[in-house]
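Q: I would like to learn how to read a structure feature by feature. Could we go through this one together, beginning with a single residue and working outwards?

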Amino acid sequence: MFNALMVDKDEDSGKTSAEVRQIGLDDLPGGEVTVAVEYSTVNYKDGLCIGPGGGLVRKYPHVPGIDFAGTVEASSDDRYSPGDKVVLTGWRVGEAHWGGYSQKANVRADWLVPLPEGLDTRQAMAVGTAGFTAMLAVMALEDHGLEPGHGPVLVTGAAGGVGSVATAILANLGHEVAGVTGRPETESYLKGLGATQIVPRDDINETTKRPLETESWAGCVDAVGGAMLARVLGQMKYGASVAAVGLAGGAGLPATVIPFLLRGVNLLGIDSVMQPYENRLRAWQRIAGDLPMDKLESMVQPATLHDLPQLGADILAGRIKGRVVVDVN
Ligand code: NDP
């Protein structure tokens, strides 16, 4: 028997509740690879799945956790053998399939990535889906021509998970980084990660009637969406790109097409869930090389399975700073 965070739904009231329970291997859904999970983390989607679900969870009882890292215990697929260190993000694990808030998980071999050289399982979950996605966003900006020296790169939702990792990677690559935050108290934390400029959220959150403003940013990793993304589009330098990662500030986009037409601005969509395997490998290898591990450590808040109901509520309320690492054992 082993521990897992189970979320159940009361059919009469429709209310969900989450608690740590003992389950057995026979309770797990089928899969080619059994992983002894060591660490998981807390992403925005986890907040939804620990709570009422936000339409993501297919059936109850459910084990959330959209990512995990651990050691292969058994595998019917040739690509993995017992003892292999692996990481999993995406593929709707923790939403449509049982996820990483469990000491063991059964998953498809296709969903796993071997842990890259230079990262341990705890560091992999300090990165987690948020950090992996931040790396995908930086890679997309580079693929569209961003180079150090082009000017400041804006990171919105900077003190959150995606924002913290994006800030540290971009600064380490030699970019000037401007972090947008609604939490002024995180200034020294963000500067410690390498941000050279702090932009107060209120300065950039309001809609403006002007579709174009001063050309300020050579690139942007946007975790916020909504009115902030619309505003940022009009502040991009000629030909620059915005990697749209998240919707912490809203899913709407009250923008005009003027920045695309008059400044050749690019809006790049970033999806981490269905990324092809080769790009996953490339992103994890880049993370191992380009994210300074001391900076990563400064983002970490440790937690256990028992802390998850509170942490789920905290991330939905925008109260988490950096990255939570859940030691499931
Ligand atoms: P976090 O909650 O850790 O970070 C989000 C940050 O956004 C907050 O810390 C806060 O930063 C800022 N923020 C929160 N609410 C608002 C608001 N109303 N207006 C403006 N800013 C706000 O979440 P993650 O970093 O893990 O994820 C960020 C987003 O990216 C989420 O929407 C998530 O769903 C999405 N995501 C998308 C993925 C993909 O594949 N495309 C993968 C992973 C995440 P601060 O306090 O500094 O202002």
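A: Gladly. This is a predicted model, and we can start with glutamate 19, which sits in strand β2 (residues 16-23).

Q: Is glutamate 19 buried, exposed or partly exposed?

A: The way to read this is to count neighbours: 20 or more other C-beta atoms within 10 Å make a residue buried, 12 or fewer make it exposed, and anything in between is partly exposed. Glutamate 19 has 13 C-beta neighbours inside 10 Å, so it counts as partly exposed. Sequence distance is another thing to look at: aspartate 307 is 288 residues away from glutamate 19 in sequence, yet their C-alpha atoms are 9.9 Å apart in space.

Q: Where does proline 276 lie, and how does its neighbour count read?

A: Proline 276 is in the loop between β13 (266-269) and α8 (277-290). It is exposed, because 8 other C-beta atoms lie within 10 Å. Here too the chain brings together distant positions: proline 276 and aspartate 110 are separated by 166 residues in sequence and by 10.0 Å in space, C-alpha to C-alpha.

Q: What does threonine 156 look like by the neighbour count?

A: Threonine 156 has 33 other C-beta atoms within 10 Å, so it is buried. You will find it in the loop between β8 (153-155) and α3. Leaving out residues up to four places away in sequence, threonine 156 touches Gly163, Val180, Asp222, Ala223, Val224, Met228 and Val232. For one of these, valine 180, the C-alpha to C-alpha distance is 4.7 Å, with the two positions 24 residues apart in sequence.

Q: How should I read backbone angles?

A: Begin with the usual case: most residues other than glycine have a negative phi, and most peptide bonds are trans. Then look for departures from it.

Q: Which residues have a positive phi without being glycine?

A: Tryptophan 91 is one of them, with a positive phi of about 60 degrees. Arginine 92 also has a positive phi, near 65 degrees. Tryptophan 91 lies in the loop between β5 (85-89) and β6 (104-107), and arginine 92 is found in the loop between β5 and β6 as well. Tryptophan 91 counts as partly exposed because it has 18 C-beta neighbours inside 10 Å. Arginine 92 has 15 such neighbours inside 10 Å, so it too counts as partly exposed.

Q: Is the peptide bond from tyrosine 60 to proline 61 cis or trans?

A: That bond is cis, with omega near -5 degrees. Proline 61 is in the loop between α1 and β4 (67-75).

Q: How do I step back and read the whole chain?

A: Take the secondary structure, then the overall dimensions. The protein chain has ten helices and 15 strands. Its radius of gyration is 20 Å, close to the 20 Å that the globule rule gives for 329 residues, so the chain is as compact as a globular protein of that length. The C-alpha trace spans about 60 × 45 × 35 Å along its principal axes. Of the 329 residues, 48% count as buried. Among contacts with a separation of 6 or more, 70% are between residues 24 or more positions apart.

Q: How is the chain divided into domains?

A: There are domain 1 (2-115 + 297-327) and domain 2 (129-269). Notice that domain 1 is written as two segments. The domain centres, taken over C-alpha atoms, are 29 Å apart. Where they meet, 13 residues of domain 1 are in contact with twelve residues of domain 2. On the domain 1 side, the touching residues comprise four nonpolar, six polar and three charged.

Q: What does the UniProt annotation cover?

A: An unreviewed UniProt entry carries the annotation "domain: Enoyl reductase (ER)" for residues 15-326. Over residues 15-326 the chain is 31% helix and 25% strand, with the end C-alpha atoms 25 Å apart.

Q: Which residues come nearest to the ligand?

A: A good habit is to ask who is in the shell, then where they come from. Of the 32 residues around the ligand, Gly157, Ala159, Gly160, Gly246 and Gly249 come nearest. The helices α1 (44-50), α2 (121-143) and α3 (161-172) each supply at least two shell residues. Domain 1 and domain 2 each contribute at least three residues to the shell. By class, the shell has 15 nonpolar, 13 polar and four charged residues.

Conventions: Residues numbered from 1 in each chain as written. Predicted model: local features only at pLDDT ≥ 70, side-chain atom pairs only at ≥ 80, totals over all residues. Helix = DSSP H or I, 4+ residues; strand = E, 2+ residues; numbered from the N terminus. Rg over C-alpha atoms; globule rule 2.2 N^0.38 Å. Contact = placed C-beta atoms within 7 Å. Near = placed C-beta within 6 Å. Nonpolar A, V, L, I, M, F, W, Y, C, P; charged D, E, K, R; others polar. Domains from an automatic or database assignment. UniProt positions renumbered as here; feature names shortened; annotations may be inferred.
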